[in-house]
Amino acid sequence: MVLTICRLLVIGGVLLWKVLFCDSTRFIEEGKEFILHCPQVNSSNTANWSRNGRNLSELIGNLSYHVTSARFSDSGVYTCTRSGFVEVFDVKVGRGPTVHRTVCFNSSNTTILCTTRAGYTSNTRVCLKVEHVFLNVKEVEKQCNEGNVTLTLDLDEFQYQTFNFITTVTNPFGQRTKLDQFRRLGDKVIPHPPMYVEMYPDGVYSFNVSFTIPPSWKIGSKLLYSYTVTQDNLPSHHSLERPLVNLTFKIQVQRKPYSLVCLRIRLKYFYSDFWGEYSLPKCQRTTEAAPSTGPLSVAATSVQDILNPGYRNVTVTWEPPEERNRNGIIYQYSVTLKKETVEFTNEVDNYDALMHVFVNGNVTRCTLSGIPSYQPVNITLKAWTKMGVSPGTSYTLDPLPDRKKAVTDGTKRTFTRKMTMATTMTLTIPITTTVILKFLQYFQAKSSVCRQ
C-alpha cells in the first residue's frame with residue numbers, strides 16, 4: 001500500500017530551484033520485495049540516496065533502491081535527490097495478517113455459533129462469508145468486524161448441511177483469504193436428553209411411556225429418539241431410531257414377576273450421526289406374583305417344660321426364599337404345626353393343626369409353646385405376597401424321649417418311707433397344685449412368642 005503526497009517548495013511566494021517534495025508512505029509486508037524510484041524530471045542519470053538522514057554510499061548514482069526481502073530494519077524515511085529534485089519515501093515494514101480456520105461449536109439445538117479471528121496484529125479487519133452448497137452456491141450471510149467475527153446459523157432452514165466459510169483478513173501490510181468447508185454441519189447438533197420420563201403399568205408385563213423434550217425443540221421437528229430397556233439390571237432390548245411424531249410409546253418386557261424394569265431415552269438430530277446423552281433411568285416393577293419356592297433352611301429345636309413334661313417349647317428358624325424366586329414383597333409367613341399322622345391339605349380349615357400362626361415378613365424366628373412332647377410334629381412354612389402363597393417347606397420334629405420314672409414295687413417300701421413321703425406330700429400338695437394349675441392354663445392357651 002502506497003500513500004503519496006507531492007508539493008513544491010515555495011519561499012516568499014517564489015518557487016525555489018523547482019524543488020519537488022513527494023512524501024510516499026509505503027507499507028511493506030515482511031519478506032516481500034519492494035523498489036523505490038527517483039523522479040525522472042530531466043536527463044540526469046545520477047542520484048543520491050539517504051535513509052533517516054544518513055547517506056547510503058553504496059547507492060550513489062543509482063536511480064532506484066531495490067530490496068528483495070524486506071526486514072523490520074528496512075523501515076525508515078528514504079530520500080532521493082536528483083538534479084535539484086527531492087522525493088521522500090516513508091517505508092514501514094510490518095507483519096501481514098494471519099487468518100485462522102473457522103470454528104463452529106456444538107449446540108443442543110439447530111442454532112449453530114461459528115467464529116473466526118485474525119492474528120495478533122492491530123488495525124486488522126475480518127470478514128466472514130457463509131455460502132450454502134446445494135445444487136448451486138448461495139450466499140447465506142456475511143459479516144465484518146475488527147479482530148474477530150461471530151455469527152449464528154439456523155440449520156433448520158436448510159435441506160442440506162454443507163457450507164463454505166470464506167474468511168478474509170486485511171491489515172495495512174496485506175490480505176489473506178481462507179476457505180473452510182463443513183460437509184456435515186448438522187453433526188454439531190447434539191440434543192440434550194429428555195427432561196422428564198414417566199412409566200405407567202399397562203397390563204402385567206407392559207408399560208406406557210411418556211417423556212418431554214427440551215424446550216428448544218418441538219414435536220414434528222427433525223428430531224429422532226431411541227430407548228434402551230433393562231430388566232433386573234440385564235439388557236432387555238434396544239429400539240431403533242424413531243421419528244419424533246408424538247411423546248408416548250409402549251414397551252413390553254419378559255414375563256418375570258416383580259422384576260425391575262428401567263428405561264432410558266436419548267435424542268438425535270436428523271442430519272447428525274451423533275446421539276445425545278441418555279436420560280436418567282426411570283424404573284418400575286412388574287406385577288407381583290406368588291413366590292415360586294418356599295422358605296429356605298427350615299429348622300426347629302425343642303425344650304421340654306420342667307413343670308409340665310408332657311409339653312415343650314418349639315423354636316422354628318428359617319431363611320427367606322431366594323430373591324429371584326420371591327416374585328414380590330414377602331409381607332408375612334405362615335407357620336403350621338400338626339401331628340405327623342394327620343393329613344392336612346386345606347389351608348382354610350386348620351382344625352386338624354396343633355397350631356397355625358402368621359408372623360411378619362421381616363421375622364425369621366418363632367417360638368411356639370404348648371406343643372406335645374412325646375409325638376412327632378410336622379412343621380410347614382409358607383411365604384406370602386399380596387398375590388398369593390408359596391409352596392410349603394416342611395420339617396419333621398422328632399418326639400422327646402419319655403423320662404417317666406418306673407413304678408417300683410410297693411412291697412419293697414418300708415413303712416417309714418411311706419410315712420415320710422406321705423408327710424412330705426401333705427405339706428407340698430397345696431403349693432404344687434396351685435403352681436401346676438396356673439401353668440396348665442398357660443399351656444392350654446397355646447401361646448406363641450415369635451421374634452426376629
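User: Which residue does the side chain of Glu-241 meet in a salt bridge?
Analyst: Keep in mind that this is a predicted model. In it, the N to O distance for the pair is 3.0 Å, and a salt bridge needs the nitrogen within 4 Å of the carboxyl oxygen. The partner of Glu-241 is Lys-268.

User: How many residues apart in sequence are the parts that this pair ties together?
Analyst: Glu-241 sits in the loop between S19 and strand S20 (242-243), while Lys-268 belongs to strand S22. The pair therefore ties together parts of the chain whose separation in sequence is 27 residues.

User: Is Lys-268 buried or exposed?
Analyst: Its partner Glu-241 is partly exposed, at a relative accessible area of 45%. Lys-268 has 8% relative accessibility, and the cut-off for buried is under 20%. So Lys-268 counts as buried.

User: How many salt bridges does a search of the whole structure find?
Analyst: Besides the pair of Glu-241 and Lys-268, there's a network of salt bridges that links Arg-184, Asp-187 and Asp-273. Searching the whole structure gives a count of twelve.

User: Where in the chain are Arg-176 and Glu-29, and how many residues apart are they?
Analyst: Their side chains meet in a salt bridge, at 2.5 Å from N to O. Arg-176 is in strand S15 (residues 174-182) and Glu-29 is in strand S2 (residues 14-29). That makes it a link between distant parts of the chain, 147 residues apart.

User: Which of those two counts as buried, Arg-176 or Glu-29?
Analyst: Arg-176 has 31% relative accessibility, so it counts as partly exposed. Glu-29 comes in at 11%, and buried means under 20%. The buried one is Glu-29.

User: Which strands hold Glu-146 and Arg-125?
Analyst: These two side chains also meet in a salt bridge, with 3.8 Å from N to O. Both ends are partly exposed: Glu-146 has a relative accessible area of 47%, and Arg-125 has 41% relative accessibility. Glu-146 is in strand S12 (residues 136-146), and Arg-125 is in strand S11 (residues 125-134).

User: Which strand gives the largest share of the largest nonpolar core?
Analyst: This core has 40 residues, and the members that touch the most others are Phe-165, Phe-249, Leu-263 and Ile-265. Five of the core's residues come from a single strand, the largest share. That strand is S22 (residues 260-269).

User: What does Phe-249 touch, leaving out residues up to four places away in sequence?
Analyst: Phe-249 is one of the core members that touch the most others. Its contacts include Leu-263 and Ile-265, which are also among those members. The rest are Phe-207, Asn-208, Val-209, Phe-211, Tyr-225, Tyr-227 and Arg-242.

User: How many residues are in the other core that lies apart from this one?
Analyst: Among its members are Leu-337, Val-357, Val-377 and Leu-381. The size of this other core is 22 residues.

User: Which residues form a nonpolar patch on the surface?
Analyst: Together they have about 230 Å² of accessible area. One of them, Val-103, is found in strand S9 (residues 103-104) and is partly exposed at 32% relative accessible area. The patch is made of Val-103, Phe-105 and Leu-113.

User: What is phi of Asp-232?
Analyst: Asp-232 lies in the loop between strand S18 (223-231) and strand S19 (234-238), and is partly exposed, with a relative accessible area of 32%. Its phi is positive, in a residue other than glycine, with a value near 55°.

User: Is Ser-297 buried or exposed?
Analyst: Ser-297 has a positive phi of about 55° although it isn't a glycine. Its place is in strand S24 (residues 296-304). With a relative accessible area of 58%, and exposed meaning over 50%, Ser-297 is exposed.

User: What average pLDDT does the protein chain have?
Analyst: Two stretches stay under 50: residues 1-21 and residues 405-447. Across the chain, 78% of the residues score at least 70, and the average is 81.

Notes: Residues numbered from 1 in each chain as written. Predicted model: local features only at pLDDT ≥ 70, side-chain atom pairs only at ≥ 80, totals over all residues. Heavy atoms only, no water. Core = buried A, V, L, I, M, F, W, Y, C linked by side-chain atoms within 4.5 Å. Buried < 20%, exposed > 50% of the residue type's maximum accessible area, 1.4 Å probe, protein only. Helix = DSSP H or I, 4+ residues; strand = E, 2+ residues; numbered from the N terminus. Contact = heavy atoms within 4.5 Å. Patch = residues over 30% accessible without salt bridge, like charges linked within 9 Å, V, L, I, M, F, W, Y side chains within 5 Å. Areas by Shrake-Rupley, 256 points an atom, 1.4 Å probe, with all protein chains shown as cover. pLDDT = per-residue confidence, 0-100.
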